[in-house]
Each structure stands twice: as structure tokens, then as C-alpha cells.
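Biologist: Before I rely on the labels attached to this model, I would like each of them justified against its definition. Could we go through them one at a time?

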Amino acid sequence: DIDYFINVLRRYRINCIVDVRSTPYSKYSSQYNKDLIMNVLKRNKIKYIYMGKEFGARRASKSLYTRDGYVDFERVKDDFDFKMGLERIKNGVNKGYNIAFMCTEKYPEDCHRCILVGRNFKDLGYEVINIINEEEHKTQEEIEYELLEEYFPERNQISLIEDMNLSNKSDEELIKEAYRLKNKQIGYKGD
């Protein structure tokens, strides 16, 4: 419901939406089609910016895909368009915008906006909050902890087999690996 969406944005004091959908249209929720949502946001004094080229899950360059055919987020973060998008967002924040990235997935851990975009802003030192609903959100650090629990639940246990000792790896190394594993799971699969 669009009114609920606007209320959530107000609750979190969002004054700018950055649409990171590769295709900013929905056959199931047409009220979120680019032109319609842009007009609703404008009436509510919330700026709308489409940045699918910079931050979308689908990438035009085949060099950003793995041999297995999915978008490699590690490659994307070094892509020119992605870097230009980061700079535009930094400028917006410096101008006083409280920015939210909008995509399709409800749960952040299942969406590239968190696993790719949110991660990179966190790594740049920004506070990243993943909004789930009016009352619930997760910080990027909470997402990282959940990724550790999902992929390495036994990371603190010592194994008799040295190669299986995850306790030899730092949380930072395990978080990087967890992001890679999640990327493999959710990354857009090309044609």
C-alpha cells in the first residue's frame, strides 16, 4: 500500500528515495512503477532518483558476471557506473538528504541493495539501516552477524582437522566469505 510506504518513509525521516531496481516497474504492484511512484513522492515532498544503471542487480557488462553466470558483486564495486553512483550519493548526503534505497525484495538479506549497495556504503563509513517495516529495521552490522550465523554457525568451534578450523579466520574474513556466498545465492543470473 502506497500510503503505508509513505508513512514508513516519514517514520525514518527519509527525504530522498533512490530506486535501485534494474527495471523500475512491477506487474504486481503497479503503484510502484517509476512514473507513478515518482509523482506520489513528489506530492509528499520526497525526492525520487532512479539509479538502476549505477546500482541495479542486472549489469550490462558481461565482464561483471562469473563463469557460473551470476553478477559478481566484488567486480561490480569496481565498475565505473557503480563508483559514479557512490559519488552521487555521497554528494546527496553532504547536501543534507536522508536517503533510502528502494528495490523489490522485502527482506534486506535477500536483496542486492543490502548485500552489494549497503555493504559498500558501510565500508565507506556510513551508517546503514535496512528498513523492513514501520517498526523493524536492521543495521548492516546486524545483517553481517546474521550472515555469519547462516554460513558459519560453528565458526567458534575447534576441529581436529586443521583445514576445517574456522576459528583460525577472523570475523572480518568470514564476513567477506559470507557476502560472497550470499552473492552466489542471490546474484542476478544472466541469460
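**Labels and their grounds**

Biologist: Why is the meeting of the side chains of Arg-21 and Asp-19 called a salt bridge?

Modeller: The N to O distance for Arg-21 and Asp-19 is 2.7 Å, and a salt bridge requires a side-chain nitrogen of Lys or Arg within 4 Å of a carboxyl oxygen of Asp or Glu, so the pair qualifies. Please keep in mind that this is a predicted model, in which local features need pLDDT of at least 70 and side-chain atom pairs count only at pLDDT 80 or more, while totals for chains, interfaces and linings use all residues. Residues are numbered from 1 along each chain as its sequence is written, and side-chain values use heavy atoms, with hydrogens and water left out.

Biologist: How many salt bridges does a search of the whole structure find, and what makes the one between Glu-54 and Arg-88 a link between separate parts?

Modeller: The search finds 16 salt bridges. In the one between Glu-54 and Arg-88, the closest N and O atoms are 3.6 Å apart. Glu-54 belongs to helix H3 (residues 52-55) and Arg-88 to helix H5 (residues 80-94), so the bridge ties together parts that lie 34 residues apart in sequence. Helices here are DSSP runs of H or I with at least four residues, strands are E runs of at least two, and both are numbered from the N terminus.

Biologist: Which of the labels buried, partly exposed and exposed applies to Glu-54, and which to Arg-88?

Modeller: Buried means under 20% relative accessible area and exposed over 50%, with partly exposed in between (1.4 Å probe, protein chains only). Glu-54, with a relative accessible area of 14%, is therefore buried, whereas Arg-88, at 43%, is partly exposed.

Biologist: And how do you know that the salt bridge of Asp-79 and Arg-59 also joins distant positions?

Modeller: Their side chains meet at 3.2 Å, N to O. Because Asp-79 sits in the loop between H4 and H5 and Arg-59 in the loop between H3 and H4, the pair ties together parts that are 20 residues apart in sequence. Asp-79 counts as buried at 17% relative accessibility, and Arg-59 counts as buried at 7%. Elsewhere, Glu-74, Lys-77, Arg-119 and Asp-123 are joined into one network by salt bridges that share partners.

Biologist: How many aromatic pairs are counted, and why is the pair of Phe-55 and Phe-101 called edge-to-face?

Modeller: The count comes to 6 aromatic pairs. For Phe-55 and Phe-101 the centres are 5.7 Å apart and the planes make an angle of 80°. Rings of Phe, Tyr and Trp (its six-membered ring) pair if their centres lie within 6.5 Å, and planes under 30 degrees apart count as stacked, over 60 as edge-to-face and the rest as tilted, so both values lead to the label. This pair, too, links distant parts of the chain, with Phe-55 in helix H3 and Phe-101 in strand E3, 46 residues apart. Phe-55 counts as buried at 0% relative accessibility, while Phe-101 is partly exposed at 23%. Ring pairs also link Phe-55, Phe-82, Phe-101, Phe-121 and Tyr-126 into a cluster.

Biologist: What makes the approach of His-112 to the backbone oxygen of Phe-55 a polar contact?

Modeller: A polar atom of the His-112 side chain lies 2.8 Å from that oxygen. The definition asks for N or O atoms within 3.5 Å, within protein one able to donate a hydrogen and the other to accept it, with residues adjacent in sequence counting only if both atoms are side-chain atoms. His-112 is found in helix H6 and counts as buried at 6% relative accessibility. Contact means heavy atoms within 4.5 Å, and, leaving aside neighbours within four places in sequence, His-112 has contacts that include Phe-55, Phe-73, Cys-103 and Ile-186.

Biologist: How do you know that the buried residues of H1 lie on the same side?

Modeller: In helix H1 (residues 2-11), Ile-2, Phe-5, Ile-6, Val-8 and Leu-9 are buried. They cover an arc of only 155° around the axis, which puts them on the same side of H1, the arc being that of the directions from the helix axis to the C-beta atoms. Among the elements covering them are strand E1 (16-19) and helix H2 (34-43).
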